[in-house]
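Thanks for sharing this one with me. Here are my notes, in the order I would go through them with the model open on the screen.

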Amino acid sequence: MLALLMDRVLIAALLLIVGAAIADQWASVEPRLPSVVAGAVLGGFALVTVVFLYHFVFEAGFGTTLGKAIMGLQVRNHTDRNRIAAVAIRNALRIIDGLAFYLVGFLVATFSKQRQRLGDRVGGTVVMDMPMSNGARGAMMVLWAAVIVASVVIAAAVCPACRLG
């Protein structure tokens, strides 16, 4: 759960840049939206897509996300299924696992022999320890923090009117 939280903070920091750009241009964007509800639905769809793509790209490409790497975890295939398909299924079902603040995923994992959430069970993946030195974990933590700080700085530069103070 801590790895997931770290990944969510990272994604939120990156989305801060997009939000700042939209806020800076809001006067020209707002008249083009059919309604506030349509804007909210579009924003929600964009958020789900970004979360899916973040996890999919990193897990398919590297077997881990930045949050998982910091915690020393890796997603591995547990079946003969193609790695990309397994990771796609795993992350598509994140929507169901994430219901009620990940209560569904937590309960399924709690009662699973291998502590797998629904996405892992259906996708044929398992999250396992990844051997990594403390130095490598520290470097990942520094990278994580640097991306967050850089995102805040870039967002402030993109939308000067958005700054607090």
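**Notes on the predicted model**

1. Let me begin with helix H7: the cover over its buried residues includes H1 and helix H6 (94-97). Please keep in mind throughout that this is a predicted model. The residues of H7 that are buried are Tyr102, Gly105 and Ala109. They cover an arc of only 45° around the axis, so they sit on the same side of H7. This fits a general rule: an α-helix has 3.6 residues a turn, so residues three or four places apart point the same way.

2. Is the length of H7 what one would expect? I would rather ask: how far apart are the end C-alpha atoms of H7? They are 15 Å apart, which agrees with the 16 Å that 12 residues should span at 1.5 Å a residue.

3. Two backbone angles in H7 deserve a look. Most residues other than glycine have a negative phi. Ala100, found in helix H7, has a positive phi of about 55° although it is not a glycine. Tyr102, also found in helix H7, has a positive phi of about 65° and is not a glycine either.

4. Are these two residues buried or exposed? Ala100 counts as exposed because its relative accessibility is 53%, and the cut-off for exposed is over 50%. Tyr102 has a relative accessible area of 14%, so it is buried, the cut-off there being under 20%.

5. Now to helix H1. Its 23 residues should span 33 Å at 1.5 Å a residue, and its end C-alpha atoms are 33 Å apart, which agrees. Buried in H1 are Ala3, Leu4, Met6, Asp7, Leu10, Ile11, Ala13 and Ala20. The partners that these buried residues of H1 pack against are helix H3 (36-62), H4, strand S1 (73-77), H6, H7 and helix H9 (134-158).

6. Ile70 is a handy residue to click on. It has its place in helix H4 and counts as buried, because its relative accessibility is 10%. Which residues does Ile70 touch, leaving aside its neighbours within four places in sequence? Its contacts are Met6, Arg137, Met140, Met141 and Trp144. Ala157 lies 87 residues from Ile70 along the chain, and the C-alpha atoms of the two are separated by 29 Å.

7. The largest pocket holds about 510 Å³ of space. Helix H1 (2-24), helix H4 (66-71), helix H7 (99-110) and strand S2 (125-129) are the elements that each give two or more residues to its lining. There are 21 lining residues, and those nearest the centre of the largest pocket are Met1, Arg90, Arg117, Asp120 and Val127. By class, the lining has 11 nonpolar, three polar and seven charged residues.

8. Finally, the overall picture. The protein has nine helices and two strands, and along the sequence these follow the pattern α-α-α-α-β-α-α-α-α-β-α. Its C-alpha atoms fill a box of roughly 50 × 40 × 25 Å along the principal axes. Of the 165 residues in the protein, 30% are buried. Among contacts with a separation of 6 or more, 72% are between residues 24 or more positions apart.

Terms used. Residues numbered from 1 in each chain as written. Predicted model: local features only at pLDDT ≥ 70, side-chain atom pairs only at ≥ 80, totals over all residues. Heavy atoms only, no water. 1 Å grid on protein atoms, 1.4 Å probe; cavity = no way out; pocket = protein on both sides within 12 Å on 5 of 7 lines; lining within 4 Å. Points joined across faces, edges and corners; volume = space filled by probe spheres on them. Helix = DSSP H or I, 4+ residues; strand = E, 2+ residues; numbered from the N terminus. Nonpolar A, V, L, I, M, F, W, Y, C, P; charged D, E, K, R; others polar. Expected span 1.5 Å × (residues − 1). Buried < 20%, exposed > 50% of the residue type's maximum accessible area, 1.4 Å probe, protein only. Arc of directions from axis to C-beta. Contact = heavy atoms within 4.5 Å.
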